[in-house]
Amino acid sequence: MDDLFADQNEQDVKRIKQLRDELNRHNYNYYVLNQPVISDQDYDHMMRQLQDLEKAHPECFDPLSPTQRVGSDLSQGFKQVVHERPMQSLGNSYSIGEVQDFLRRAKDGLGGEPVQIVGEMKYDGTSISITYEHGRLVRAVTRGDGVRGDDVTANVITIKSVPLQLQPGDWPEKFEVRGEILLPWKNFERLNKERQYNEEPLFANPRNAAAGTLKMQNSAEVARRGLDAYFYFLLGDQVAISTHVERMEALQRWGFKVAGHTILPSIDSVVDFINYWDKERKNLPIATDGLVFKLNSIEQWATLGSTAKAPRWAIAYKFAPERECSRLRYISFEVGRTGVITPVANIDPVQLSGTVVKRASLHNEDIIRQLDIHDGDYLYVEKGGEIIPKIVGVDLKRRAPGSQPVKFVTHCPVCGTPLKRVEGEAAWVCPNKYECPPQITGRIEHFVGRHAMNIDGIGEEVAVQLHESGLVNNIADLYDLTQPQLVKLEHFQDKAATRIMRGLEASRQVPFARVIFALSISYVGETTARVLTRNVKSIDRLMAMPAEQLAAIPEIGPKIAASIVEYFSVPANRDIVERLRKAGLQMELSQEELAGHTTKLEGKKIVISGVFAHHSRDEYKAMIEQNGGKNVSSISKATSFVFAGDNMGPAKLEKARKLGIPIVSEDEFLKMLQ
Ligand SMILES: NC(=O)c1ccc[n+]([C@@H]2O[C@H](COP(=O)([O-])OP(=O)(O)OC[C@H]3O[C@@H](n4cnc5c(N)ncnc54)[C@H](O)[C@@H]3O)[C@@H](O)[C@H]2O)c1
Ligand SMILES: [Zn+2]
């Protein structure tokens with residue numbers, strides 16, 4: 001019997017260590033990289049397991065355990081600032097019973113004193129602490145590891161809803177506000193669309209997108225993305241207001257947006273509040289992942305204090321993710337522009353977060369195997385981050401006896417070519433690059449895209465139509481199209497044909513770098529195309545370059561180099577390039593580009609200030625002009641950004657902050673010109 005216990009003990013201790021390691025890894029992915037690899041529910045579940053095990057094994061206590069500390073977002077490149085008061089997390093609850101437990105504990109801690117509960121939205125962004133002195137914003141700092149955070153003032157002042165100067169009022173000389181920085185749904189979706197287009201990794205949800213944006217080195221880009229902010233704490237030694245609700249009202253008067261606060265006089269009203277917001281939150285323009293209940297009396301906050309990780313006078317209530325179960329009808333296999341096969345689960349339609357879901361991507365074969373999906377299974381589907389439906393599991397109880405694991409196709413479902421698996425990657429690929437129809441039409445769509453040749457009027461349907469009619473088999477064929485040919489196509493009107501013809505004409509002026517991007521060479525995205533053209537300067541030189549020479553260009557690794565050489569080794573591709581050249585496309589850098597003239601700073605009014613490490617101030621002024629920008633001497637509302645070196649004058653800095661003008665460092669500036 002003793003042995004049995006010893007065994008169990010040993011297993012628990014091992015599991016504690018394992019969970020701590022795993023949670024630390026997920027914290028890093030989530031808070032620093034902003035790219036979580038598991039769902040919040042799975043993370044919370046692991047955290048609970050660890051909490052339970054640690055409770056059963058007090059001898060394993062470790063102040064560094066993830067149960068004892070908030071996950072750290074500290075990252076390189078920012079000045080770190082120690083918080084005057086530590087920034088904590090919140091305890092979690094998932095049911096009304098747990099909220100009641102919380103209230104009971106709080107009342108016990110207060111010796112039975114009556115309490116008043118305030119309900120608020122739990123915004124799903126990233127927390128920020130902002131210090132104000134004499135009515136002005138002086139510093140904005142992330143939560144960091146709770147004790148110290150990153151100074152992200154330059155980025156926060158680009159957020160229009162953060163007051164830089166307070167409304168006249170009774171604010172104390174110095175105070176701190178805390179709140180949530182958010183990326184509204186609309187801006188989040190726009191950002192992910194752009195990223196998808198540029199083949200950059202997508203943000204899993206608005207929270208990760210907001211956190212990632214706040215940590216960018218380029219304030220101009222931060223401003224462009226459109227962050228927003230809501231506030232939910234007012235703190236400071238000089239703050240003489242004794243309830244949370246009155247503090248929020250004061251913040252509102254001073255010019256802040258606050259987290260709508262409601263006094264809830266009974267547990268029934270707490271239940272009503274939960275039920276109301278569970279539905280109503282879907283109509284908000286920003287993401288929320290729950291509600292927060294706080295005690296109203298600040299004095300009671302002081303009496304109750306906090307644990308290592310969270311206050312005892314507040315608790316988060318997390319909404320359950322919407323999940324439905326639905327029957328798998330069949331798996332379809334879709335072929336992308338690069339030949340990658342994506343399996344998609346087609347399920348009986350179900351209603352989820354207000355929309356009907358019929359399809360959900362399964363991404364690749366490994367995921368199908370991990371989930372162990374059989375034909376005819378009932379699948380659980382959730383809306384991850386509330387937008388993209390995701391298959392999260394199988395209801396094994398409903399599995400038909402004798403059902404077989406689903407089979408992944410072995411041949412391309414469109415052209416029938418046997419599939420290949422790229423070494424080291426999860427994806428299966430149709431290798432029939434040049435004749436597989438979806439790959440051909442995918443390349444046409446890519447070629448005409450906004451970031452490539454920017455030819456209007458050719459979406460997915462038209463690309464397929466052009467291909468099926470036999471008119472366009474590759475991108476060079478586009479330039480042989482004539483208006484009468486287009487008008488003859490089904491459902492095609494004069495206007496649409498004219499638009500395409502005009503777009504083709506205008507595309508002859510599109511700069512060389514975008515032509516290279518438009519060709520669909522594997523691994524050559526927008527940035528790589530720019531690096532290539534800057535270094536290689538003409539298509540003839542690019543076609544003639546051996547792999548080693550290409551790989552020697554900074555940022556071009558052996559993988560990209562091999563892919564470029566492979567592309568130009570195919571006679572059909574060389575033929576396409578020659579035909580595009582004849583059609584009048586830009587096949588080298590223009591005289592202006594060669595002379596260093598670009599439009600990268602076009603329309604920008606730039607104030608330069610301070611001393612620099614890499615070039616003199618005059619050199620930078622010349623560079624601004626060369627790239628289409630304008631040097632201006634003093635900061636005004638019309639200034640696009642301040643290009644700041646070391647020792648920039650404090651008066652200028654202050655003025656820029658006051659007007660919300662972004663500050664760009666030397667490194668950031670050089671990056672802009674890349
Ligand atoms: N998927 C992953 O890999 C992964 C990894 C780490 C963390 N996470 C998720 O993050 C959570 C932990 O993050 P956390 O420590 O920031 O906790 P949290 O997000 O659950 O709650 C605390 C935070 O809520 C925010 N908040 C929003 N509205 C508020 C309001 N009205 N009043 C007070 N605070 C408010 C504050 O920023 C505060 O820091 C986990 O529970 C998990 O869901 C996921
Ligand atoms: Zn194929």
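User: Hi! Which element gives the most to the shell around ligand 1?

Analyst: Hi there! That is α1, with 4 residues in the shell. Keep in mind that this is a predicted model.

User: OK, and how many residues surround the ligand, and which are the closest?

Analyst: There are 25 residues around ligand 1, and Y30, P36, D40, S89 and S127 are the closest. The elements giving two or more residues to that shell are α1 (2-32), α2 (40-56) and β3.

User: What kinds of residues are they, nonpolar, polar or charged?

Analyst: A mix: 11 are nonpolar, 8 are polar and 6 are charged.

User: Where does the ligand lie relative to the domains?

Analyst: Ligand 1 lies between domain 1 (2-60) and domain 2 (80-318), because both of them give residues to its shell.

User: Switching to sheets: what is the strand order in the open one?

Analyst: The open sheet has 5 strands in the order β2-β11-β10-β3-β9, and the pairing is mixed. β2 (91-93) and β9 (262-264) are the edge strands; each has a single partner, so one side of each has no neighbour in the sheet. On average, neighbouring strands there are turned by 35° against each other, direction ignored.

User: How do β3 and β9 run, and how many bridges join them?

Analyst: They run antiparallel, joined by 3 bridges. Within that pair, I117 sits opposite L264 of β9.

User: And what about β12 and β13, how do they pair?

Analyst: Strands β12 (residues 323-335) and β13 (residues 341-352) are antiparallel too, with 7 bridges. V335 has I341 in β13 as its bridge partner. Their hairpin has 5 residues between the strands, and G339 there takes a positive phi near 90°.

Notes
Residues numbered from 1 in each chain as written. Chains lettered and ligands numbered in written order. Predicted model: local features only at pLDDT ≥ 70, side-chain atom pairs only at ≥ 80, totals over all residues. Pairing = 2+ DSSP bridges. Axes fitted to C-alpha atoms, helices over the stretch in contact; angles between N-to-C directions. Near = placed C-beta within 6 Å. Nonpolar A, V, L, I, M, F, W, Y, C, P; charged D, E, K, R; others polar. Domains from an automatic or database assignment.
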